[in-house]
Amino acid sequence: MSFTSDQDVCNGLENLPVFFEGTVRKDESPVFQYSPENVPGPGCEIDPNEVTLPGCDCRTQSCQQGSCSCLLTHGEAYDSQGRLRDPGADGAEYSRPVFECNALCECSEACCNRVVQRGLSLGVCIFYSGSRGWGLRSLEPVPRGTFVCEYAGEVIGLEEARQRQHAQKAEDMNYIISVREHAGGGRVGETIVDPATVGNVGRFLNHSCQPNLFMVPVRIHSLVPRLALFAGRDITPGEELTFDYSGGYRNPQGKGPCLTKHDQQTDRVEDLKRKHCHCGAPSCSGFLPLDLSVIGNA
């Protein structure tokens, strides 16, 4: 049995349907449960969908700087077109934290400070990219700073991530990504997401050493951030959508949010086999990023 152009991978859970490019046999298609948002998994200490952040009392269609408690506290992350301000700015050492209005806010759903929570709004399709497996392609122009999609899946703890990493075989695909946020006073927060069995279209994004997307942790209802991907430059229709699994688009190593998608070729620290990178970028490092902190000890 094959997937056809009228079968939505998202099962109607997104604003737009997402299809496979061409015909894909059912035995070749990825098997997972679609979820447009993060879900709590083993080791998750805070429910990512629980409303824990305070809301503003702006009873207007859209919040305004100077009167909105959300914008006064966290600043304006988006411009009037809903695009991230100063995306991928050259020389920027730190990403500004992004907090959107949430379910407790009195403003309307059309508020300028509600972007990521609206979900997928750009046409994309899934295609087979050969040596890099499945990929995600844009079907329309994407201006710089535009929100593209989340990297959503199970939010899990470090020990669970290590167990899943060690249980993988060499031929298994790995989707685990960790995001570390460096705050004042040397504090470091870590969010680990695995969309292997439960996830959204973000699970199809490939790594590139010269990506066109970058990831920003965005908080809406909960202290658990959503891993939002924005266009770092103008993207043309038909172009593959990629991001740097190490977070290298705008953050120098060790600065600001650090994200690492872990090597899928290894199930023992003492027998590491770095997976070759096939992104084809002139600046290609030759290997996919590898995070030893999650691999840990066998």
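The second largest pocket of this predicted model has a volume of about 320 Å³. Its lining is made up of 17 residues, and those closest to the centre of the pocket are I46, V155, E190, T191 and V224. Two strands, strand 10 (153–156) and strand 12 (188–199), each supply at least two residues of this lining. Strand 12 provides the largest share, with four residues. Sorted by class, nine residues of the pocket lining are nonpolar, four are polar and four are charged.

Enclosed spaces were examined as well. Three cavities of 30 Å³ or more were counted. The second largest of the cavities holds about 40 Å³ of space. The residues that line this cavity are E37, N38, P48, N49, V224, P225 and R226. Three of the lining residues are nonpolar, two are polar and two are charged. V224 thus appears both among the residues closest to the centre of the second largest pocket and in the lining of the second largest cavity.

At the level of the whole chain, three helices and 17 strands were assigned. The chain has 298 residues, of which 52% are buried. Among contacts with a separation of 6 or more, 68% are accounted for by residues 24 or more positions apart. The accessible surface amounts to about 14000 Å², and carbon and sulfur atoms contribute 49% of this area.

Several individual positions were then considered, beginning with the loop between strand 6 (98–99) and strand 7 (124–128), where Q117 is found. The side chain of Q117 forms a polar contact of 3.0 Å with the side chain of R114. When residues up to four places away in sequence are not counted, Q117 touches E100, C101, I220 and R226. R226 is also one of the residues lining the second largest cavity. V115 occupies the loop between strand 6 and strand 7 too. V115 has a relative accessibility of 11%, below the 20% limit, and therefore counts as buried. Apart from residues up to four places away in sequence, V115 touches Y78, G82, E100 and F147. For the pair V115 and F147, which are 32 residues apart along the chain, the C-alpha atoms are separated by 7.4 Å. E100 is touched by V115 and also by Q117.

E181 is located in strand 11 (residues 177–182). Its relative accessibility is 17%, so E181 is classed as buried, the cut-off being under 20%. The side chain of E181 is joined to that of R219 by a polar contact of 2.7 Å.

P143 lies in the loop between strand 8 (134–138) and strand 9 (147–150). With a relative accessible area of 26%, P143 is partly exposed. Once neighbours within four places in sequence are left aside, P143 is in contact with R83, A231, R233 and D234. The last of these residues, D234, is 91 residues from P143 along the chain, yet the C-alpha atoms of P143 and D234 are separated by 4.5 Å.

G286 belongs to the loop between strand 17 (258–261) and helix 3 (292–295). G286 is also partly exposed, at 23% relative accessibility. Residues K275, H276 and C277 are touched by G286, with residues up to four places away in sequence not counted. H276 and G286 are 10 residues apart along the chain, and a distance of 5.8 Å separates their C-alpha atoms.

A further loop position concerns backbone geometry. N11 lies in the loop between strand 1 (2–3) and strand 2 (19–20). Its relative accessible area is 58%; N11 is therefore exposed, the threshold being over 50%. Most residues other than glycine have a negative phi. N11 is not a glycine, but its phi is positive, at about 55°.

Methods. Residues are numbered from 1 along each chain as its sequence is written. This is a predicted model: local features need pLDDT of at least 70, side-chain atom pairs count only at pLDDT 80 or more; totals for chains, interfaces and linings use all residues. Side-chain values use heavy atoms; hydrogens and water are left out. On a 1 Å grid over the protein atoms alone, a cavity is a set of points where a 1.4 Å probe fits but cannot get out, and a pocket is an open set with protein on both sides within 12 Å along at least five of seven lines; lining residues have an atom within 4 Å of a point. Grid points are joined across faces, edges and corners, and a volume is the space filled by probe spheres set on the points. Ala, Val, Leu, Ile, Met, Phe, Trp, Tyr, Cys and Pro count as nonpolar, Asp, Glu, Lys and Arg as charged, and the others, Gly among them, as polar. Buried means under 20% relative accessible area, exposed over 50%, partly exposed in between (1.4 Å probe, protein chains only). Contact means heavy atoms within 4.5 Å. A polar contact is a pair of N or O atoms within 3.5 Å; within protein, one must be able to donate a hydrogen and the other to accept it, and residues adjacent in sequence count only if both atoms are side-chain atoms. Accessible areas come from the Shrake-Rupley method with a 1.4 Å probe; for residues, only the protein chains shown count as cover.
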